Amino acid sequence: MTNSILYGLAVISVLLFAAPSEAGEVGVQVVFTDGEASIIRAYYDDQVASKEGKRKNGKGLPPGIAKNLQRGKPLPPGIARQALPTGLVGLLPPAPKGYERVVLSGKILLVEIATQIIQDVLEDVILG
């Protein structure tokens, strides 16, 4: 009897105090880490230095769409986005399972692939 009570308490404590292992589990906020943000900013700063102050930026989005590029909102359907440059992808750790990093309208977005919900945004990294 004592063993089953101890076992039950052990299982409950593991369930209550264990951190979720998958990024998509409830209670886990997926964002750019400080290290990732630093790598991304440094990469684009180096690109500016090597291109004499010229940064590439895609065409701007209409203001109504651009203001919706924020955390918690879905990506607008049919909007062209770019993958991160290969050189930058090689510097970063892999994105969390089920997420991707994309470039859209001068911002770097962390997007949940299944729902297309924006989880985090790095603004003012790629300036036009």
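Reader: How many helices and strands are there in the protein?
Author: Keep in mind that this is a predicted model. Walk along from the N terminus and the elements go α-α-α-β-α-β-β-β. Tally up the letters, and the protein has four helices and four strands.

Reader: What order do the strands take in the sheet?
Author: Let's go pair by pair. β2 (residues 99-104) and β3 run antiparallel, joined by six bridges. β3 also pairs with β4 (residues 118-122), again in the antiparallel sense, over four bridges. Put into one open sheet of four strands, the order is β1-β2-β3-β4.

Reader: Which strands stand at the edges of that sheet?
Author: Look for strands that have a single partner strand. Such a strand has one side left without a neighbour in the sheet, because nothing pairs with it there. Here that goes for β1 (82-83) and β4.

Reader: Is strand β3 largely enclosed by the rest of the structure or not, and how many of its residues are buried?
Author: Buried here means under 20% relative accessible area. Strand β3 covers residues 107-112, and it is largely enclosed by the rest of the structure because so many of its six residues pass as buried. The count of buried residues in β3 is five.

Reader: Which residue in β3 is the bridge partner of Val-103?
Author: We're looking across the antiparallel pair of β2 and β3. Another pair there puts Arg-101 opposite Leu-110. For Val-103, the bridge partner is Ile-108.

Reader: Which residue takes a positive phi in the hairpin of β2 and β3?
Author: That hairpin has two residues between the strands. One of the residues in the hairpin has a phi near 55°, and that is Ser-105.

Reader: And in the turn between β3 and β4, which residue has a positive phi?
Author: This hairpin has five residues between its strands. On the strands themselves, Leu-109 stands opposite Val-121 in β4. In the turn, the residue with a positive phi of about 60° is Gln-116.

Reader: Which element gives the most residues to the largest nonpolar core?
Author: The core has 16 residues, and those touching the most other members are Ile-40, Tyr-44, Leu-88, Ile-108, Leu-122 and Val-125. At least two residues each come from α2 (34-50), β2 and β3. The top supplier, with four residues, is α2.

Reader: Which residues is Ile-40 in contact with, leaving aside its neighbours within four places in sequence?
Author: Ile-40 is one of the core residues that touch the most other members. Nonpolar side chains tend to be buried together in soluble globular proteins. Setting those sequence neighbours aside, the contacts of Ile-40 are Phe-32, Leu-88, Leu-92, Ile-108, Leu-122 and Val-125.

Reader: How many residues are in the other core, the one with Leu-61?
Author: This core lies apart from the largest one. Among its members are Leu-61, Leu-104, Val-111 and Ile-118. Its residue count is nine.

Reader: Is Glu-36 buried or exposed?
Author: Glu-36 is found in helix α2. Its relative accessibility is 8%, and the cut-off for buried is under 20%. So Glu-36 counts as buried.

Reader: Which residue forms a salt bridge with Glu-36?
Author: Leaving aside neighbours within four places in sequence, Glu-36 is in contact with Val-31, Leu-92, Pro-93 and Arg-101. In the salt bridge, the closest N and O atoms are 2.7 Å apart. One end lies in helix α2 and the other in strand β2, so the pair ties together parts that are 65 residues apart in sequence. The partner, which is buried just as Glu-36 is, is Arg-101.

Reader: Where does Arg-71, the salt-bridge partner of Asp-120, lie?
Author: The side chains of Asp-120 and Arg-71 meet at 2.4 Å, N to O. Asp-120 is buried, with a relative accessible area of 5%, whereas Arg-71 is partly exposed at 47% relative accessibility. Asp-120 sits in strand β4, 49 residues away in sequence, and Arg-71 lies in the loop between α3 (63-66) and β1.

Reader: Which residue meets Arg-81 in a salt bridge?
Author: Arg-81 is partly exposed at 35% relative accessibility. Arg-81 is in the loop between α3 and β1, while its partner is in strand β2, 19 residues apart. The N to O distance is 3.5 Å, and the partner is Glu-100.

How values were computed
Residues numbered from 1 in each chain as written. Predicted model: local features only at pLDDT ≥ 70, side-chain atom pairs only at ≥ 80, totals over all residues. Heavy atoms only, no water. Buried < 20%, exposed > 50% of the residue type's maximum accessible area, 1.4 Å probe, protein only. Pairing = 2+ DSSP bridges. Core = buried A, V, L, I, M, F, W, Y, C linked by side-chain atoms within 4.5 Å. Contact = heavy atoms within 4.5 Å. Salt bridge = Lys/Arg side-chain N within 4 Å of Asp/Glu carboxyl O.
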